[in-house]
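Biologist: I should be grateful for a close look at a single part of this protein. Please consider its charged side chains first, and then their surroundings.

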Amino acid sequence: NRTGHGVMILRGSSGRLRLLINEQEVSEYLAKQGFVIIDPQEMPVVEIVRSIQGAKVVVGVEGSTMAHGFFSVADGGTILMLQPSHRFNALYKEYTDCVGMRFAYIVGYPVSQGFKIDLEELQKTLDLIDKSTV
């Protein structure tokens, strides 16, 4: 089993619409840094859990797909939510606090049909997460 890795959970257009317009760009950027990219719509549950288990950080768009990360991230791991500005929700902050996990978020900027995440801001946030887990 891997440990200490990062995972991004794709959301795509599933569920209530929170469309990360540059999801492919974000996932490619993270993949180049060694993150495992998973698509829960295309994977069996066992494979999802195996991919996330032991991860130091799990990144994804706010919503129910992040439950996969919450239940499988390493002890003391970080959930990094990508939030659309029109729908800020910190429900997972309460969950992570209860079990000793860490919570981080980036509020995206609105664009037509959805929102985008700035890659520079993403990297700065990941750097802060790294520094704070040492």
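Is Asp97 buried, partly exposed or exposed, and what is its relative accessible area?

Modeller: The model is a predicted one, and the description below should be read accordingly. Asp97 has a relative accessible area of 47%. It is classed as partly exposed because that value lies between the limits of 20% for buried and 50% for exposed residues.

The partner of Asp97 is Lys93: the two form a salt bridge in which the closest N and O atoms are 2.8 Å apart. Lys93 is likewise partly exposed, at 34% relative accessibility. Both Lys93 and Asp97 belong to helix 4, which covers residues 91–99. Their spacing of 4 residues amounts to about one turn of the helix. In general, side chains of opposite charge can pair when their charged atoms come close.

The count of salt bridges in the model is 3, and helix 5 takes part in the two described next. Lys124 is bridged to Glu120, with 3.3 Å between the closest N and O atoms. Lys124 and Glu120 are separated by about one helical turn because they stand 4 residues apart in helix 5. Both of these residues are exposed.

The pairing of Lys56 with Asp130 has its closest N and O atoms 2.7 Å apart. This salt bridge links distant parts of the chain, the two residues being 74 residues apart. Lys56 is in the loop between helix 2 (45–52) and strand 3, while Asp130 is in helix 5. Lys56 is partly exposed, with a relative accessible area of 31%, and Asp130 is also partly exposed, at 37% relative accessibility.

Helix 5 spans residues 119–132 and also contains Glu121. That residue contributes to a negative surface patch, together with Glu25, Glu28 and Asp118. Glu121 has a relative accessibility of 37%, so it counts as partly exposed.

Helix 5 has a part in the interior as well. The largest nonpolar core has 19 residues, and those with the most contacts inside it are Leu30, Leu80, Leu82, Ile117 and Leu122. At least two residues of this core come from each of helix 1 (23–32), strand 3 (57–61), strand 4 (78–83), strand 5 (102–107) and helix 5. Helix 5 gives the most, with 4 residues. As a general matter, nonpolar side chains in soluble globular proteins tend to be buried together.

Nonpolar residues also appear at the surface, where Phe88, Tyr105 and Val107 make a patch of about 270 Å². Phe88 is placed in the loop between strand 4 and helix 4. With 42% relative accessibility, Phe88 counts as partly exposed.

A further residue may be added for orientation. Gly6 lies in strand 1, which comprises residues 6–9. Its relative accessibility is 7%, and Gly6 therefore counts as buried. Between the C-alpha atoms of Gly6 and His86 there are 27 Å, the two residues being 80 residues apart along the chain.

To return to the residue in question, Asp97 is partly exposed and is joined by a salt bridge to Lys93, a partner within helix 4. The salt bridge of Lys56 and Asp130, by contrast, links distant parts of the chain.

Note on methods. Residues numbered from 1 in each chain as written. Predicted model: local features only at pLDDT ≥ 70, side-chain atom pairs only at ≥ 80, totals over all residues. Heavy atoms only, no water. Patch = residues over 30% accessible without salt bridge, like charges linked within 9 Å, V, L, I, M, F, W, Y side chains within 5 Å. Areas by Shrake-Rupley, 256 points an atom, 1.4 Å probe, with all protein chains shown as cover. Salt bridge = Lys/Arg side-chain N within 4 Å of Asp/Glu carboxyl O. Lys, Arg positive; Asp, Glu negative; His and termini not counted. Charge placed at Lys NZ, Arg CZ, Asp CG, Glu CD. Buried < 20%, exposed > 50% of the residue type's maximum accessible area, 1.4 Å probe, protein only. Core = buried A, V, L, I, M, F, W, Y, C linked by side-chain atoms within 4.5 Å.
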